[in-house]
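Open the model in a viewer and keep the selection panel at hand. The stops below are meant to be taken in order.

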Amino acid sequence: MKIIRALLLILICISGVSAKDIYSLIRNGELEEARDSLSKLSTARQRDGNHLYFLSLIEKSAGKSAELIRASLNAGVSGIYREDMSIRLGQYYLLNRNFARAAEILGEFPASFEKGKNTPDIFRYSIYLDEKNKNYEAAIRQADRFLLEYPSEEFSQWGLVDKSRVMMNFDKKIAARDILTKLSREKSGPGVPAALYMLTLDAAERKRPDDAVFYYNLLREAYPSAIGLDALLDRMSGLGGQTEREKSADQRTGTFYSVQVGVFAAPENARQLSKQFDQYGHKVEITTKKISDRTYHVVFIGRFDSYELAVEFEKTIEAEHDDVYQVVAR
């Protein structure tokens, strides 16, 4: 890869900068080299549509990038870039909640790019647009159409994520949870982390710490670099423990309390985590928990006689490990 980049830079220096050369640099992540090449263009070339579009791709400000895309369209840009420009503008208007302008862009796309490579993405943005405009029934119908037209595993998982998200907002939460739960149990695919994230968030919003911690741990185990893990931690940190009625019931049954620090699909991950808590002098246990046809491994620390003592220990290790744990009665 380094040799290819070096040869590309040499060719640019020898033969002059072409649009294809600069676009290749940008796609390869060589942004500084692309900026340098753009700065060396003649004044006339700096005003053409391709040049303006390339500037939009390396612009850090979304607003300025959108302005450059619009300017490049007015100046005349190569047809090979127009589809990507269209979808970028659509994304910009959606993120800025300019739904009327986004609808125009999305509506023009099928006629302009009948078999465009971004057609599935445009389809999904249309679902999102209906959802944001509270046209929930239309959004669900579009999601069903998407699932029929794109039956491959990757696209179908995204379709299920979109459909369940709309159903969550359309007061069809039970059906949405069923879809997400099934999706979260798939062995792989882009929709699995999204499903785990949505299930964690839903459980947190319903004040169900057991479920929230369970799904969060599965997400963190399988996708440690997933976007949104810190946001979920912040959301879960406000969840309370057991109610007074639950605590008194536990006390009558003579149970003890432990701090649950992890739930894992892989036993080796549970064992690895358990070693991190040997230093505290409390019993560390790994138990199995079967849900449907899947076996999970739960890591517990301590056997406390009172709920209050367990909570005190929980707060100590949460502060030291910058994580969220849970006191459970056993």
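The tour goes from a pocket to two buried residues.

This is a predicted model, in which local features need pLDDT of at least 70 and side-chain atom pairs count only at pLDDT 80 or more, while totals for chains, interfaces and linings use all residues. Residues are numbered from 1 along each chain as its sequence is written, and side-chain values use heavy atoms, with hydrogens and water left out.

**The largest pocket**

Select E131, V161, R165, Y197 and M198, the lining residues nearest the centre of the largest pocket. Its lining has 22 residues, and its volume is about 590 Å³. A pocket here is an open set of points on a 1 Å grid over the protein atoms alone, where a 1.4 Å probe fits, with protein on both sides within 12 Å along at least five of seven lines; lining residues have an atom within 4 Å of a point.

Next, show α8 (119–132), α10 (153–169) and α12 (191–205), each of which supplies at least two lining residues. The largest share, seven residues, comes from α12. Coloured by class, the lining shows 13 nonpolar, one polar and eight charged residues (Asp, Glu, Lys and Arg count as charged; Ala, Val, Leu, Ile, Met, Phe, Trp, Tyr, Cys and Pro as nonpolar; the others, Gly among them, as polar).

**E314**

Move to helix α17 (residues 307–321) and pick E314. E314 is buried (under 20% relative accessible area, 1.4 Å probe, protein chains only). E314 has no salt bridge (a side-chain nitrogen of Lys or Arg within 4 Å of a carboxyl oxygen of Asp or Glu); the nearest side chain of opposite charge, K315, is 7.0 Å away.

**Q260**

Finish in strand β1 (residues 257–264) at Q260, which counts as buried because its relative accessibility is 10%.

Terms used: Grid points are joined across faces, edges and corners, and a volume is the space filled by probe spheres set on the points. Helices (H or I, at least four residues) and strands (E, at least two) are DSSP runs, numbered from the N terminus. Buried means under 20% relative accessible area, exposed over 50%, partly exposed in between (1.4 Å probe, protein chains only). Lys and Arg count as positive and Asp and Glu as negative; His and the chain ends are not counted.
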